[in-house]
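Q: Please examine one part of the structure shown below in detail. Once that part is clear, please set it in the context of the whole chain.

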Amino acid sequence: MFNALIVEKDDEGKTSASVQQIGEDRLPEGEVTVAVEYSTVNYKDGLCIGPGGGLVRNYPHVPGIDFAGTVESSDDPRYKAGDKVVLTGWRVGEAHWGGYSQKARVKADWLVPLPQGLDAKQAMAVGTAGFTAMLSVMALEDHGLKPGNGPVLVTGAAGGVGSVATAILANLGYEVAAVTGRPETEDYLKSLGATQIVPRGELNETTKRPLEGETWSGCVDAVGGEMLARVLGQMKYGASVAAVGLAGGAKLPATVIPFLLRGVNLLGIDSVMQPYDNRLRAWERVAKDLPMDKLEAMIQPATLSDLPQLGADILKGQVKGRVLVDVNA
Ligand SMILES: NC(=O)c1ccc[n+]([C@@H]2O[C@H](COP(=O)([O-])OP(=O)(O)OC[C@H]3O[C@@H](n4cnc5c(N)ncnc54)[C@H](OP(=O)(O)O)[C@@H]3O)[C@@H](O)[C@H]2O)c1
């Protein structure tokens, strides 16, 4: 028997989450059984711990869209007992049981071996949010971003994606302007390497002007909505924005003028269906380019029983940095 956070749905459609003991026979099908060590809390987890947000297919459900741990048994030749692995995406924790459990059973295709220099705890301190931040930085670099071109904007900076993006960019030698709606996180963001704090209020209003001063050489955007629309008009000529999130809304009330007159690029970032080779590349880059002391500063420790509260908090934008869930604590 082992512990898992189980979300159940009653006859009236109301969901509730609690830590329960279950047996291995309850685990879904898959080639690899993993002894989970750590998981984390992402925005999507908030939805899946709560009412589901249309993401969860069947109940009872075990959320947790990412985890890291040790292979316990494998029917696939790529993995053997004792291998250290990390999983993000593939709709695990949504359509398939996820990482809020001491054991998980998944497809071998979904796993990535932990890169040298990163243990299970560090991998989940990074988690889907940090992995996606790395994908964003890689996409910006692939489109010409270089240190010395001017400040790079990070929106939703005190959140998970934003914190890791800030730390990676600063470590790579970029000047980072961090947008936050929480002034009390200024010291934290500066400790991660931000050189400029931009109050959220300065960017979350629409403007009738399709172009403003050319300010940012790149942007990792976790917010979307009006802020993304506004930022597009402030990008330098030929610069790119990595669109990662929708913490501020899914609509994009923008004009095409920044694309046509300034050659601005809007790059879509998806971590869920990301091909294996790029996953490997991103995890290796995380191990190399994210300073582990900065990662340590982002961590808020948690256990399985803390998850119902943390799920509600992240939906309200109240989680700072990265929550690290020790499923065995
Ligand atoms: N594309 C992908 O594959 C992928 C992967 C992971 C995450 N995401 C998405 O990326 C976003 C960020 O994820 P996360 O894990 O970093 O979440 P998070 O920790 O909750 O961070 C989101 C941050 O956005 C800011 N924010 C929240 N509400 C806002 C609003 N109404 N207007 C402006 N800013 C707001 C807050 O930062 P401040 O307090 O600093 O303002 C908050 O901390 C989410 O939308 C998530 O779904 C996408």
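**A helix and its surroundings**

A: Helix H5 (residues 225-232) has buried residues whose cover includes strand S8 (152-155), strand S9 (176-180), strand S11 (216-221), strand S12 (235-243), helix H6 (257-262) and strand S13 (265-268). The model in which this is seen is a predicted one.

How many of the 8 residues of H5 are buried? The count is 7, and H5 is therefore largely enclosed by the rest of the structure. A residue counts as buried when its relative accessible area is under 20%. The buried residues of H5 are Gly225, Met227, Leu228, Ala229, Arg230, Val231 and Leu232. A charged residue, Arg230, is thus listed beside nonpolar ones such as Leu228 and Val231.

The wider setting of H5 is a protein with 9 helices and 15 strands. Of the 329 residues in the protein, 53% are buried. A compact globule with 329 residues would have a radius of gyration near 20 Å, and because the protein has 20 Å, it agrees with that expectation. The C-alpha trace spans about 60 × 45 × 35 Å along the principal axes. The accessible surface of the protein amounts to about 13800 Å², and carbon and sulfur atoms hold 49% of that surface. Among contacts between residues with a separation of 6 or more, 70% join residues that are 24 or more positions apart.

Another pair of elements shows how helices meet in this model. Helix H2 (residues 120-142) and helix H7 (residues 276-289) have axes that come within 9 Å and cross at roughly 105°. H2 and H7 are therefore roughly perpendicular to each other. On the side of H2, the contact is made by Ala123, Val126, Gly127, Phe131, Met134, Leu135, Met138, Glu141 and Asp142. On the side of H7, the contact is made by Asn278, Arg279, Arg281, Ala282, Trp283, Arg285, Val286 and Asp289. These contact residues of H2 and H7 comprise 9 nonpolar, 2 polar and 6 charged ones.

A single strand residue offers a further example of burial. Val34 is located in strand S3 (32-40). With a relative accessibility of 0%, Val34 counts as buried. Apart from residues up to four places away in sequence, Val34 touches Phe67, Gly69, Thr70, Val71, Glu72, Val85, Gln102, Lys103, Ala104 and Leu111. One of these residues, Glu72, is 38 residues from Val34 in sequence, but the two C-alpha atoms are 5.2 Å apart in space.

The loop before S3 gives the opposite case. Glu29 lies between strand S2 (15-22) and strand S3. Its relative accessibility of 74% places Glu29 among exposed residues, for which the value must be over 50%. Beyond its neighbours within four places in sequence, Glu29 is in contact with His96 and Arg105. Leu260 belongs to helix H6, part of the cover of H5, and the C-alpha atoms of Glu29 and Leu260 are 49 Å apart. In sequence, Glu29 and Leu260 are separated by 231 residues.

Loops also contain the special backbone geometries of this model. Most residues other than glycine have a negative phi, and most peptide bonds are trans. In the loop between strand S5 (84-88) and strand S6 (103-106) lies Trp90, whose phi is positive, near 60°. Trp90 counts as partly exposed because its relative accessibility is 22%. Arg91 is found in that loop between S5 and S6 and has a positive phi of about 65°. The relative accessible area of Arg91 is 29%, so Arg91 is partly exposed.

Gly93 also lies between S5 and S6. At 0% relative accessibility, Gly93 counts as buried. When its neighbours within four places in sequence are set aside, Gly93 is in contact with Cys48, His61, Val62, Pro63, Gly64, Ile65 and Gly98. Several of these contacts, including His61 and Ile65, fall in the loop between helix H1 (43-49) and strand S4 (66-74), where Pro60 is also placed. The peptide bond from Tyr59 to Pro60 is cis, with omega near -5°.

How values were computed
Residues numbered from 1 in each chain as written. Predicted model: local features only at pLDDT ≥ 70, side-chain atom pairs only at ≥ 80, totals over all residues. Heavy atoms only, no water. Axes fitted to C-alpha atoms, helices over the stretch in contact; angles between N-to-C directions. Helix = DSSP H or I, 4+ residues; strand = E, 2+ residues; numbered from the N terminus. Parallel < 35°, antiparallel > 145°, perpendicular 65-115°, else oblique. Contact = heavy atoms within 4.5 Å. Rg over C-alpha atoms; globule rule 2.2 N^0.38 Å. Buried < 20%, exposed > 50% of the residue type's maximum accessible area, 1.4 Å probe, protein only. Areas by Shrake-Rupley, 256 points an atom, 1.4 Å probe, with all protein chains shown as cover.
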